[in-house]
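Here is a short briefing on a protein structure. Look at the strands and at how the copies fit together.

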There are 2 protein chains.
Amino acid sequence: MDFIHIKKLYQDMDSYNEQSVTICGWIRSLRDSKSFGFISINDGTYFQPVQVVFDNTLENFDTIRKLNIGSALIIKGNVLVTPNARQPFEIHAESITIEGTSTPDYPLQKKRHSFEYLRTIPHLRPRTNTFQAVFRVRSLIAYAIHQFFQERDFVYVHTPIITGSDCEGAGEMFQVTTLDLANIEKSPNEKVNYKKDFFGKEVNLTVSGQLNGETYAMAFQNIYTFGPTFRAENSNTSRHAAEFWMIEPEMAFADLNDDMQVAEDMLKYIISYVMEHAKEELTFFNQHIDTGLIERLEHVLHSEFGHITYTEAIKILEKNNDAFQYKVHWGSDLQTEHERYLTEEIFKRPVFVTDYPKEIKAFYMKLNPDQKTVAAMDCLVPGIGEIIGGSQREDDYDLLLARMKETGLSLDDYAFYTDLRKYGSARHAGFGLGFERCVMYLTGMSNIRDVLPFPRTVGNCTL
Amino acid sequence: MDFIHIKKLYQDMDSYNEQSVTICGWIRSLRDSKSFGFISINDGTYFQPVQVVFDNTLENFDTIRKLNIGSALIIKGNVLVTPNARQPFEIHAESITIEGTSTPDYPLQKKRHSFEYLRTIPHLRPRTNTFQAVFRVRSLIAYAIHQFFQERDFVYVHTPIITGSDCEGAGEMFQVTTLDLANIEKSPNEKVNYKKDFFGKEVNLTVSGQLNGETYAMAFQNIYTFGPTFRAENSNTSRHAAEFWMIEPEMAFADLNDDMQVAEDMLKYIISYVMEHAKEELTFFNQHIDTGLIERLEHVLHSEFGHITYTEAIKILEKNNDAFQYKVHWGSDLQTEHERYLTEEIFKRPVFVTDYPKEIKAFYMKLNPDQKTVAAMDCLVPGIGEIIGGSQREDDYDLLLARMKETGLSLDDYAFYTDLRKYGSARHAGFGLGFERCVMYLTGMSNIRDVLPFPRTVGNCTL
């Protein structure tokens, strides 16, 4: 690989001025006249393409000028910085080698394509401006998250994907099996005989790594997970996918306030990182996808997040009930319309809503002294609504057991979990960040199918 | 979280000398006499515990001295650097608050436990020295890998977990379904009716992200995946798990030599990173798990990897056939015994074996000019055997099609893949690194069950 990345040329163009370089890449556009032509070439390392000028001194001039968009080339030429032109520099070709041609039916012609159409060609859409920007930013966000936690000595834990338990006691799950579905063996009472299944029992795809994560937090103090999670929900919305990635930090000797602080610091860290490392992409999103994106991100970066209890939030929301499709009252769950009203209209910045009624939250959340609410928090951000959900966990053995009985959970299945409250229990807290929501938030993309490389939704599992 | 991490105390002990600090953590051991006692406390941030000295001036002295191992404490006290003692510093407690007690039946008493026993308590074993070391190193290796690729501008791609295709056309797969196994609906010809399944067709858990990864390499030039992969192989060995993580970089405009260079650079990068960031853990492994580990890693770090073709390797191995359980000849696959002989006895360092017979390799590998072998490479390392497998990919449309027909693959199912050879094909190459093999290699642990937080193997899916 003796090719110079286009990214490097953009970074150090002055030092390459009038130097000979060799680049590789794919044709984005080509214009030609009788004696010369221009190729816009992208090598995938940088959002901006490079303009290559070629002329009929090249022995394969006539072949080159007839190439189709999408062809792969290797170009040797001289860099010429052009301070007064539209592009900051161009390359004057000394030789152009064809690595691979393309055909006239190449689906990505110069005209603009709808996102719907591009979803039908997931193997080619990363070659477009929008998706190249989306998926580079996706990669950068993932790295920023690792960097944030590793700099703080959090241990990355790979919680299992195939699991015998359902963390939240809810949620539709995918079953995993090696049984032959055409020949399911049943016991006399018509139950499936799982003895011949790979694990000898019924297993599913994970919906959350939290409970497993907690076991490691009680050993390492601070841990995080970052892996795929699954929901077999039959909902065809722009915000739901059957397979998505989640980040779940868990911190021992930490309470709900610590939890919120880490969540806020993390979101700000991600935004700073992307602003520093994907300027071109953010500018593109701001121009073509979501006007106001950069302003919004900068605003978030420089504001303290708001804090409000669920009870206070309900009081504010009730005053606006006329305008809501779903009317709220104390005890009801917040819908996206309520969340967005709070963060966009009332706070005009991200806000943590805390201390929800225990009835609408999971069994593992810590009961507050009022006995009615739990130490939960949701982080709401403008344009999205909930982006993070977390809580302090119930660390009292007896209270946890009581809650589990109340909600009808099997004490045997969760013995590992109650063990954590038996052997050196410590206050602890954590949260979950939906990775795709986060990518949508930082790119302005409005459909989750457009931030997942190969989205899986009801009835849709291509490639 | 106003607690000082024990890691920080070890790093800056002199600046904390005679200062008051507050730490948190769990009791590893406790010795006491009538008027004073010693607690060894670990907070999960550092391999070494801290010794806390307490005496009967504490009002809860009698409670503290009776605490069980595993109890969680918050300790305020003075740091005292002790240059002549076994531990470099200790903390003289001013106050000790009990965060959570433990019980006398706590399974991790001071005595040593077998790995087999510890596998039965996966939620507690990270609290032991060995597993704390293993899983911290696992986390560091994961981060080193991300850092290596991100520093080189590789784009991290999340290839799908649920998939409709089988990358290698081989390998036992897990099926994913939302059908009720007790009531499978069949069509008149006794086939399962998948119309009511979540995706409307038969889907499986991925065995490799490579083919999807290639589509992104043809857009971004350099990409990598890092995600879970699955094999439903009925093999109960110390090297196989049903669920494991894999790293699969893919590079456009790169050939087999580039591929091997990146693989070698990556392995050396990982080793350096762990040596720098996990000195204590490596020392522990070297003393208790695998004598010679550090020497071996240092040797690898400072040697050029060897290179040998499969054909040459077979000639060498045939001379030693008497000593092998499986006799080799040209055309046979290499077994671990042959791999280890090559890397341990012949080369005494890591070695790439290249250009395997096409019959024993996958359809997508590039045919060499000899028409008999393909541009494949396996990287063999001492103590393990194969740790990396890779190849240059067939980038010629017609040759790829011919190979697919030969191996009986459906051209329709792989249209996305052949499209890559139709629209701007470019030479490209990649490899797969089994993450757990890599963790085993760097820790000296010999069973894959002991480097996975919650291992999944035949008949075993606990927690």
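Two strands count as paired if DSSP finds at least two bridges between them. Strand S12 (residues 306-309) of chain B and S13(B) meet that mark, with four bridges in the parallel sense. Keep in mind that this is a predicted model.

**Around strand S13 of chain B**
- Strands of a sheet pair through backbone hydrogen bonds, either parallel or antiparallel.
- In the parallel pair, B:Ile308 stands opposite B:Val353 in S13(B).
- S13(B) also pairs with strand S14 (residues 373-381) of chain B, in the antiparallel sense over six bridges.
- There, B:Val351 stands opposite B:Leu380 in S14(B).
- Strand S13 (residues 351-357) of chain B is mostly covered, with seven of its seven residues buried.
- Buried here means under 20% relative accessible area.

**The barrel in chain A**
- Five strands of chain A form a closed barrel in the order S1-S2-S3-S5-S4, with mixed pairing.
- On average, neighbouring strands of this sheet are turned by 55 degrees against each other, direction ignored.
- Strand S1 (residues 20-32) and strand S2 (residues 36-42) of chain A run antiparallel and are joined by six bridges.
- A:Ser29 stands opposite A:Ser40 in S2(A).

**How the two copies relate**
- A turn of 180 degrees and a shift of 0.0 Å along the axis lay chain B on chain A with an RMSD of 0.0 Å.
- The two copies are therefore related as by a two-fold rotation axis.
- In chain B, the C-alpha nearest the axis belongs to B:Val176, 2.4 Å from it.
- The copies meet through the same surface, because 100% of the interface residues of chain B are also interface residues in chain A.

Notes. Residues numbered from 1 in each chain as written. Chains lettered and ligands numbered in written order. Predicted model: local features only at pLDDT ≥ 70, side-chain atom pairs only at ≥ 80, totals over all residues. Heavy atoms only, no water. Helix = DSSP H or I, 4+ residues; strand = E, 2+ residues; numbered from the N terminus. Axes fitted to C-alpha atoms, helices over the stretch in contact; angles between N-to-C directions. Least-squares fit on C-alpha atoms with pLDDT ≥ 70 in both. Contact = heavy atoms within 4.5 Å. Buried < 20%, exposed > 50% of the residue type's maximum accessible area, 1.4 Å probe, protein only.
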